[in-house]
Amino acid sequence: MNLKKMITISVCVLSALALSVSAQARTTITIAHTHVETHPEHKAFLAFKNHIENNIEDKYDIQIYPNGLSGSNERVFELVKINSIQFMAISSSNIENLAKSYAIFSIPYLFNSEDVYEKFISDPEVLKELGKNSDKEGFVPLAAFTAGTRNFYAKFPIYSVDDLKDKVIRVQTGRTNSLMMEAFGANDYIMKFSDVYQALKHDVIDGAENNELALIDQKHGEFCKFYSYDGHQMIPDLLIGSRDFLKSLSDEEYAVFKEAAMEAQRVEFREWKYRINVAKEQAKTMGVNFINVDVNAFREKVLPLHDELLEKNPKIRELYEIAKKYY
Ligand code: GCU
């Protein structure tokens, strides 16, 4: 072997060693979410990662696992609490059985426009109130993603509340959802997000409820050709972080993660409207019909729930008062 070749090989070996040392020195941060890579939340997490990497050099190796690769929201939530996964986006509805104040967003028709709702979930007071018991709960809410408005969609057209009678509709985990479905006269079927496609395919359920992205990203539009704008809930996905991980940060680092979460929220809000419009057009080409219904008729069915929920769960009263400020 000539000298030049030996030097080249040594340089390569040394740089590989240096790389692996610096890679070893980095702490891996795992982020998980259940959405596809075109979803606004994935874009938001990319912005989150970039912000941290641009502001804290060579310390963290940030890995994002989309598509529910790390498991369902319910499962990942448990892993965040024990700091096996550091960050995730989770519907506040999936948290409410554990931490009651999160039930605020599941109240049907709490907001009368997405504008009002977006202002509410961007209010720092709201995050502060939600995070009040984070020391005990094991996770910290850092930002809220919109997730739009939830509407019913099914294999049959829903023109009025009566069309829901006795139908089996999938809802996400969260006690309030079952009460709401009962008030609508339908049967609720609590199921993980990733199981809905198969459940629709095999006629286990007649329909579901979600924003329009579910028709395309989760392909529910293959089976559900009717999407009715009843607008029963606006439920955010929260960017939450593991309490133990966040506690391990210095004050300066914590501030960077917090700014990164705010940046993620900005990106998510910006992407949202664009993605919804694209998804609607795509759904139309799949043969999905969008139906406008008499929203008041739906609202009247569930409005009595407001008092009942406030009475049963005083933890949401404070947030309910803040929400009313926005009217
Ligand atoms: C929305 C939300 C998800 C949630 C899902 C569901 O798509 O963004 O976080 O899991 O609804 O209905 O389960």
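Which residues touch the most other members in the largest nonpolar core? Read on for that, after a quick look at the whole model.

## The big picture

What you're looking at is a predicted model. Its mean pLDDT is 93, and 93% of the residues reach 70 or more. One stretch is another story: over residues 6–22 the pLDDT stays under 50, and the model gives that stretch two contacts beyond four places in sequence.

The protein has 15 helices and 11 strands. Along the principal axes, its C-alpha atoms fill a box of roughly 85 × 45 × 30 Å. Of its 327 residues, 53% are buried. Take the contacts with a separation of 6 or more, and 77% of them join residues 24 or more positions apart.

## The outside

About 15,100 Å² of the protein is exposed, with carbon and sulfur atoms supplying 52% of that area. As for charge, there are 39 positive and 47 negative charges, and the mean positions of the two sets are 3 Å apart.

## Two nonpolar cores

Back to the opening question. The largest nonpolar core has 55 residues, and the ones touching the most other members are Phe-120, Phe-184 and Phe-298. There's also a second, separate core of 25 residues, with Ile-62, Leu-142, Ala-143 and Ala-261 among them. In general, nonpolar side chains tend to be buried together in soluble globular proteins.

Phe-184 is a handy place to start exploring. Leaving out neighbours within four places in sequence, its contacts include Tyr-109, Phe-152, Val-161, Leu-164 and His-232. Phe-298, Lys-301 and Val-302 are also on its contact list. Phe-184 belongs to helix α8 (residues 175–184), where the buried residues are Thr-176, Asn-177, Ser-178, Met-180, Met-181 and Phe-184 itself. Just after α8 comes Gly-185, with a positive phi of about 90°.

## Lys-301, a partner of Phe-184

Lys-301 sits in helix α13, which covers residues 295–302. Is this lysine buried or partly exposed? Its relative accessibility is 42%, so Lys-301 counts as partly exposed.

Setting aside residues up to four places away in sequence, Lys-301 touches Val-161, Ala-183 and Phe-184. Compare Glu-182: it is 119 residues from Lys-301 along the chain, yet their C-alpha atoms are separated by 9.9 Å.

## Three buried residues to visit

Thr-30 is part of strand β1 (residues 27–32). With a relative accessible area of 14%, which is under the 20% cut-off, Thr-30 is buried. Beyond its neighbours up to four places away, it touches Gln-63, Tyr-65, Ile-85, Gln-86 and Phe-87.

His-42 is in helix α2, residues 40–55, and counts as buried at 7% relative accessibility. The residues it touches, again leaving out those up to four places away, are His-33, Val-36, Glu-37, Ile-64 and Pro-66. Asn-313 is 271 residues from His-42 in sequence, and in space the two are 33 Å apart, C-alpha to C-alpha. Last comes Asn-73, in helix α3 (residues 73–81). Asn-73 is buried too, with a relative accessible area of 11%. Apart from neighbours within four places, Asn-73 is in contact with Thr-34, Met-88, Ala-89, Ile-90, Ser-91 and Asn-94.

Note on methods. Residues are numbered from 1 along each chain as its sequence is written. This is a predicted model: local features need pLDDT of at least 70, side-chain atom pairs count only at pLDDT 80 or more; totals for chains, interfaces and linings use all residues. Side-chain values use heavy atoms; hydrogens and water are left out. pLDDT is the predictor's confidence in each residue, from 0 to 100. Contact means heavy atoms within 4.5 Å. Helices (H or I, at least four residues) and strands (E, at least two) are DSSP runs, numbered from the N terminus. Buried means under 20% relative accessible area, exposed over 50%, partly exposed in between (1.4 Å probe, protein chains only). Accessible areas come from the Shrake-Rupley method with a 1.4 Å probe; for residues, only the protein chains shown count as cover. Lys and Arg count as positive and Asp and Glu as negative; His and the chain ends are not counted. The place of a charge is taken as NZ of Lys, CZ of Arg, CG of Asp or CD of Glu. A nonpolar core is a set of buried Ala, Val, Leu, Ile, Met, Phe, Trp, Tyr and Cys residues joined through side-chain atoms within 4.5 Å.
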